[in-house]
Amino acid sequence: MDKNEKIKASAYWRENIKYVLLLLAIWFLVSYGAGILFKDELNHFKIAGFKLGFWFAQQGAMYVFVILIFVYVRLMNTLDKKYGYDE
């Protein structure tokens with residue numbers, strides 16, 4: 001591997017880690033924040049008859065996690081194309 005490929009690979013992984021940390025932070029805020037920390041404020045609202053804080057703790061965090069998986073796939077496909085790893 002020559003120097004340019006190492007620089008490209010390093011930039012690719014730096015951007016990949018940035019995406020992973022961002023998505024994990026979102027997941028943390030939704031699962032821990034909405035389900036535990038902010039549940040009292042969210043419980044003033046309801047979804048399908050359930051308090052919003054309870055809903056996030058029981059189901060919402062899972063839905064957000066699945067959505068984040070699809071977002072990560074899309075981000076990685078874009079990143080792969082950007083750095084030429086899309087073969």
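This report walks through the fold, the charged pairs and a few chosen residues of one chain. The structure is a predicted model.

## Overall shape

Start with the chain as a whole. It has three helices and two strands. Read along the sequence, these elements follow the pattern α-α-β-β-α. So which elements open the pattern, helices or strands? Helices do: two α elements come ahead of the β pair, and another α element ends the series.

Now consider the overall dimensions. The C-alpha trace spans about 60 × 20 × 15 Å along its principal axes. The radius of gyration of the chain is 18 Å, whereas a compact globule of 87 residues would have one near 12 Å.

How much of the chain is buried? Of its 87 residues, 28% count as buried. The accessible surface comes to about 6700 Å². Carbon and sulfur atoms own 67% of that surface.

Contacts also reach across the sequence. Take the contacts in the chain with a separation of 6 or more: 60% of them come from residues 24 or more positions apart.

## Charges and salt bridges

The chain carries 11 positive and 8 negative side chains. The centres of these two sets lie 6 Å apart. Side chains of opposite charge can pair when their charged atoms come close. How many salt bridges does a search of the whole structure find? It finds two.

One salt bridge joins Glu 15 and Lys 82, with the closest N and O atoms 3.2 Å apart. This pair links distant parts of the chain, as its members are 67 residues apart. Glu 15 sits in helix H1, and Lys 82 sits in helix H3, which covers residues 52-83. The two ends have different settings. Glu 15 is buried, because its relative accessible area is 13% and the limit for buried is under 20%. Lys 82 is exposed, because its value of 56% is over the 50% mark.

The other salt bridge joins Asp 40 and Lys 39. Here the closest N and O atoms are 3.1 Å apart. Lys 39 is partly exposed, at 34% relative accessible area.

## Helix H1 and helix H3

Helix H1 runs over residues 3-37. Asn 16 belongs to this helix. Is Asn 16 buried or exposed? Asn 16 is buried, with a relative accessible area of 4%. Its contacts, leaving aside neighbours within four places in sequence, are Tyr 72, Met 76 and Leu 79.

Val 20 is also found in helix H1. Val 20 is partly exposed, at 27%. Its C-alpha atom is 10.0 Å from that of Leu 75, although the two residues are 55 apart along the chain.

Cross over to helix H3, where Leu 68 lies. Leu 68 counts as buried, at 11% relative accessibility. Which residues does Leu 68 touch, not counting those up to four places away in sequence? They are Leu 23, Ile 26 and Trp 27. For Leu 68 and Ile 26, the C-alpha atoms are separated by 8.6 Å. Along the chain, this pair is 42 residues apart.

The C-alpha separations discussed in this report are listed here.

| Residue pair | Residues apart along the chain | C-alpha separation |
|---|---|---|
| Val 20 and Leu 75 | 55 residues | 10.0 Å |
| Leu 68 and Ile 26 | 42 residues | 8.6 Å |
| Ile 47 and Ala 57 | ten residues | 13 Å |

## The strands and their loop

Ile 47 has its place in strand E1. At 33% relative accessibility, Ile 47 counts as partly exposed. Ile 47 touches Leu 52 and Trp 55, not counting residues up to four places away in sequence. Its C-alpha atom lies 13 Å from that of Ala 57, ten residues apart along the chain.

Next comes Ala 48. This residue is found in the loop between strand E1 (46-47) and strand E2 (50-51). What sign does the phi of Ala 48 have, positive or negative? It is positive, about 50°, although Ala 48 is not a glycine. Most residues other than glycine have a negative phi. Ala 48 counts as exposed, because its relative accessibility of 72% is over 50%.

Definitions and conventions: Residues numbered from 1 in each chain as written. Predicted model: local features only at pLDDT ≥ 70, side-chain atom pairs only at ≥ 80, totals over all residues. Heavy atoms only, no water. Helix = DSSP H or I, 4+ residues; strand = E, 2+ residues; numbered from the N terminus. Buried < 20%, exposed > 50% of the residue type's maximum accessible area, 1.4 Å probe, protein only. Rg over C-alpha atoms; globule rule 2.2 N^0.38 Å. Contact = heavy atoms within 4.5 Å. Areas by Shrake-Rupley, 256 points an atom, 1.4 Å probe, with all protein chains shown as cover. Lys, Arg positive; Asp, Glu negative; His and termini not counted. Charge placed at Lys NZ, Arg CZ, Asp CG, Glu CD. Salt bridge = Lys/Arg side-chain N within 4 Å of Asp/Glu carboxyl O.
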